[in-house]
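Trainee: I'd like to learn how to read a fold from its coordinates. Can you walk me through one?

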Amino acid sequence: MHEEIARTREAAFLNLTKAAEYLGISPNTLYVWRHRRQGPPSFRMGGRVMYRISALDEWVMSQEQADSRSNAALNPLSQNPMKRTVRTP
């Protein structure tokens, strides 16, 4: 029983190094993002910086939706062009 709980906890959280590996970025980048309060949400557990895997996945999806190349609603090329107005003197 205790082994199963320990494995679940181990799988649910990643430290900074493993979270960076999970995201495919350098640990330094993740450290800088945390320092600037950017990037995925993190917290301290026992003095160590930890990331919940589900929060990393949600953060990646939000980044995809914020990018106009992934979100057609934000792509300016998917909208009809505005008509020019002619000024009369």
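**Reading the fold**

Mentor: Let's begin with contacts. In the protein chain, 38% of the contacts with a separation of 6 or more are between residues 24 or more positions apart. Keep in mind that this is a predicted model.

Trainee: How many helices and strands are there, and in what order do the elements run?

Mentor: The protein chain has 4 helices and 3 strands. Starting at the N terminus, the order is α-β-α-α-β-β-α.

Trainee: Next, the sheet. In what order do the strands sit, and is the pairing parallel or antiparallel?

Mentor: The general idea is that strands of a sheet pair through backbone hydrogen bonds, and the pairing can be parallel or antiparallel. Here 3 strands make an open sheet, ordered β1-β3-β2, with antiparallel pairing. The edges are β1 and β2, each of which pairs on one side only. On average, neighbouring strands in this sheet are turned by 50° against each other, ignoring direction.

Trainee: How many bridges join β2 to β3?

Mentor: There are 3 bridges between β2 and strand β3 (residues 48-52), and the two run antiparallel. For one residue-level example, R44 has V49 in β3 as its bridge partner.

Trainee: Which strands does helix α2 touch, and which does α4 touch?

Mentor: Helix α2 (residues 16-23) packs on the sheet and touches β1 and β3. The direction of α2 makes about 105° with that of β1. α4 also packs on the sheet, touching β1 and β3, and the direction of α4 is at about 60° to that of β3.

Trainee: On to side chains. How many aromatic pairs does a search of the whole structure find?

Mentor: The search finds 2 aromatic pairs. To classify one, look at the angle between the ring planes: over 60 degrees counts as edge-to-face, and under 30 degrees as stacked. The rings of F13 and F43 have planes at 75° and centres 5.7 Å apart, so this pair is edge-to-face. The pair links distant parts of the chain, with F13 in strand β1 (residues 13-15) and F43 in strand β2 (residues 43-45), 30 residues apart.

Trainee: Are F13 and F43 buried or exposed?

Mentor: Relative accessible area settles that, and under 20% counts as buried. F13 has a value of 16%, so F13 is buried. F43 comes out at 28%, which makes F43 partly exposed.

Trainee: And W33 with W59: what kind of pair do their rings make?

Mentor: A tilted one, because the planes are at 50°, with the ring centres 5.4 Å apart. This pair also links distant parts of the chain: W33 lies in helix α3 (residues 27-35) and W59 in helix α4 (residues 53-66), 26 residues apart. W33 is partly exposed, with a relative accessible area of 24%, whereas W59 is buried at 17%.

Trainee: What about backbone angles? Where is R37, and what is its phi near?

Mentor: R37 sits in the loop between α3 and β2. Phi of R37 is near 60°, a positive value in a residue other than glycine. The relative accessible area of R37 is 79%, so R37 is exposed.

Trainee: Last one: what share of the protein chain is buried, and how much area does the chain expose?

Mentor: Of the 89 residues in the protein chain, 17% are buried. The chain exposes about 7,800 Å², and carbon and sulfur atoms supply 52% of that area.

Notes: Residues are numbered from 1 along each chain as its sequence is written. This is a predicted model: local features need pLDDT of at least 70, side-chain atom pairs count only at pLDDT 80 or more; totals for chains, interfaces and linings use all residues. Side-chain values use heavy atoms; hydrogens and water are left out. Rings of Phe, Tyr and Trp (its six-membered ring) pair if their centres lie within 6.5 Å; planes under 30 degrees apart count as stacked, over 60 as edge-to-face and the rest as tilted. Buried means under 20% relative accessible area, exposed over 50%, partly exposed in between (1.4 Å probe, protein chains only). Two strands pair if DSSP finds at least two bridges between them. Axes are lines fitted to C-alpha atoms, for helices over the stretch in contact, and angles run from 0 to 180 degrees between N-to-C directions. Contact means heavy atoms within 4.5 Å. Accessible areas come from the Shrake-Rupley method with a 1.4 Å probe; for residues, only the protein chains shown count as cover.
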